[in-house]
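This report walks through one protein model for a reader who has not met it before. The sequence and the structure come first, and the description follows.

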Amino acid sequence: MLEIVITIISLVVSYYVIPVLLVSFMFAAAVDKTGINSWLTEWLMTRKIIIGRPYVLIAVLFFGMEILTLLHGGYVALFMLWAMVVTLAEKAGMPKHNPFVVFMIPALSIIFVLAGFILPFAAAPVMYLSFYTQAMSEVFPQLQWIIWHIVVVNVYILLVLAAGKFIFRLKLDSIKDALEDYKDKQCPKMSGLQKFGLGILVSFLAVMLAPLFLPAEWAVIQLINSLGLLGVATICTIILMIYKKEDGKHLVTVEDAARGISWDVIWLLVATTPLAAA
């Protein structure tokens, strides 16, 4: 039994994506404790452009996923949008396993993956472009790369919206009614805790974007590059765990953050990553 446990642990930590996912899940869960996800959801639902228009709401979430991916939000941004989708479903009074969430989460995940290829200097495009350069002995034009992938991502978004409306025929009456309820409401002001959560998120995105715009020889940029998504998300999570509320209690504990881990996703990757490598 001990050998099995040791083997599983070694598999989990030996593939970089697994620790990144674990920390990203925990970071997203810790941020959710600040209430910023609920505030963002309320802010979104009070926008006039989406009142009574559930598919406009879905489009905003899809394009938001694309933009957050370009801002190097990583898995943290993906899991936060997952949480927003679940919150929207709860506000609409939908049951736990509802078609809206089942439709949205895979669609957001695919947009996340596709949008990750838009910028040719991101990690995955650099790898694939290096394969191309080695095989063809020429450099792929970066402008054409960017244009092509922007077209691919946005065409995909339009096709998924059309599929949801005309093929799957999603029943979004409860979402529509929930949006109508916000017709005459205003988004509440942010609390101090929500502002803290927003500050952590903005700081996270700023740090992740910094290497794209600042000289690589700077010591702070070298530190950020060495930390990567895993290190930066870990530091942000620790800050959230250290923070104490007005009553003197910690905002979030390790146990609270760990409850946000989707173990189904983790074990799926543990099982499939070695096969993919082979």
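Phe-25, Tyr-75, Phe-79, Trp-82 and Phe-112 form a single aromatic cluster. The model that contains this cluster is a predicted one, and its protein chain has a mean pLDDT of 87, with 92% of the residues reaching 70 or more. Confidence is lowest in helix 1 (residues 2–14), where the mean is 50, and highest in helix 6 (residues 99–115), where the mean is 95.

**Aromatic pairs**

Across the whole structure, a search finds ten aromatic pairs. In one of them, the rings of Phe-25 and Trp-82 have their centres 6.4 Å apart and their planes at 55°, so this pair counts as tilted. Because Phe-25 lies in helix 2 (residues 17–32) and Trp-82 in helix 5, the pair ties together parts that are 57 residues apart in sequence. Both Phe-25 and Trp-82 are buried.

Phe-27 and Phe-204 form another aromatic pair, this one edge-to-face, with 5.3 Å from centre to centre and 65° between the planes. Since Phe-27 belongs to helix 2 and Phe-204 to helix 10, the pair ties together parts that are 177 residues apart in sequence. Phe-27 is buried, and Phe-204 is buried too.

Phe-27 also has a place in a second long-range relation, this time with Gly-260: the two residues are 233 residues apart along the chain, yet their C-alpha atoms are separated by 8.6 Å. Gly-260 is found in the loop between helix 12 (254–258) and helix 13 (263–277), and with a relative accessible area of 29% it is partly exposed.

**Charged side chains**

How many salt bridges does a search of the whole structure find? The search finds two, and they are set out below.

| Salt bridge | Distance between N and O |
|---|---|
| Lys-91 and Glu-42 | 3.2 Å |
| Asp-256 and Arg-259 | 2.6 Å |

The salt bridge of Lys-91 with Glu-42 links distant parts of the chain, for Lys-91 is in helix 5 (residues 74–91) and Glu-42 is in helix 3 (residues 36–45), 49 residues apart. At 33% relative accessibility Lys-91 counts as partly exposed, whereas Glu-42, at 18%, falls under the 20% limit and therefore counts as buried. In the other salt bridge, Asp-256 is partly exposed, with a relative accessible area of 21%, while Arg-259 counts as exposed at 63% relative accessibility.

Charged side chains are also placed over aromatic rings. The charged end of Lys-165 sits over the ring of Phe-166, 6.0 Å from the ring centre, and Lys-185 lies over the face of Tyr-182, at 4.9 Å from the centre of that ring.

**Surface and loops**

On the surface, Phe-121, Val-126, Leu-212, Phe-213, Leu-214, Trp-218 and Val-220 form a nonpolar patch, and together these residues have about 670 Å² of accessible area. Leu-214, one of the members of this patch, is placed in the loop between helix 10 and helix 11 (219–242), and at 34% relative accessibility Leu-214 counts as partly exposed.

Another loop, the one between helix 9 (173–181) and helix 10 (192–213), holds Gln-186. Is Gln-186 buried or exposed? Its relative accessibility is 74%, over the 50% limit, so Gln-186 counts as exposed. From C-alpha to C-alpha, Gln-186 and Lys-244 are 29 Å apart in space, and they are 58 residues apart in sequence.

**Backbone angles**

Most residues other than glycine have a negative phi. Against that background, the phi of His-72 is near 65°, a positive value in a residue other than glycine. His-72 has its place in the loop between helix 4 (54–70) and helix 5, and it is partly exposed, with a relative accessible area of 22%. Arg-169 likewise has a positive phi, near 50°, and is a residue other than glycine. The place of Arg-169 is in the loop between helix 8 (142–167) and helix 9, where Arg-169 counts as exposed at 59% relative accessibility.

Note on methods
Residues numbered from 1 in each chain as written. Predicted model: local features only at pLDDT ≥ 70, side-chain atom pairs only at ≥ 80, totals over all residues. Heavy atoms only, no water. Helix = DSSP H or I, 4+ residues; strand = E, 2+ residues; numbered from the N terminus. Buried < 20%, exposed > 50% of the residue type's maximum accessible area, 1.4 Å probe, protein only. Salt bridge = Lys/Arg side-chain N within 4 Å of Asp/Glu carboxyl O. Patch = residues over 30% accessible without salt bridge, like charges linked within 9 Å, V, L, I, M, F, W, Y side chains within 5 Å. Areas by Shrake-Rupley, 256 points an atom, 1.4 Å probe, with all protein chains shown as cover. Phe/Tyr/Trp six-rings, centres within 6.5 Å; stacked < 30°, edge-to-face > 60°. Lys NZ or Arg CZ within 6 Å of the ring centre and 35° of its normal. pLDDT = per-residue confidence, 0-100.
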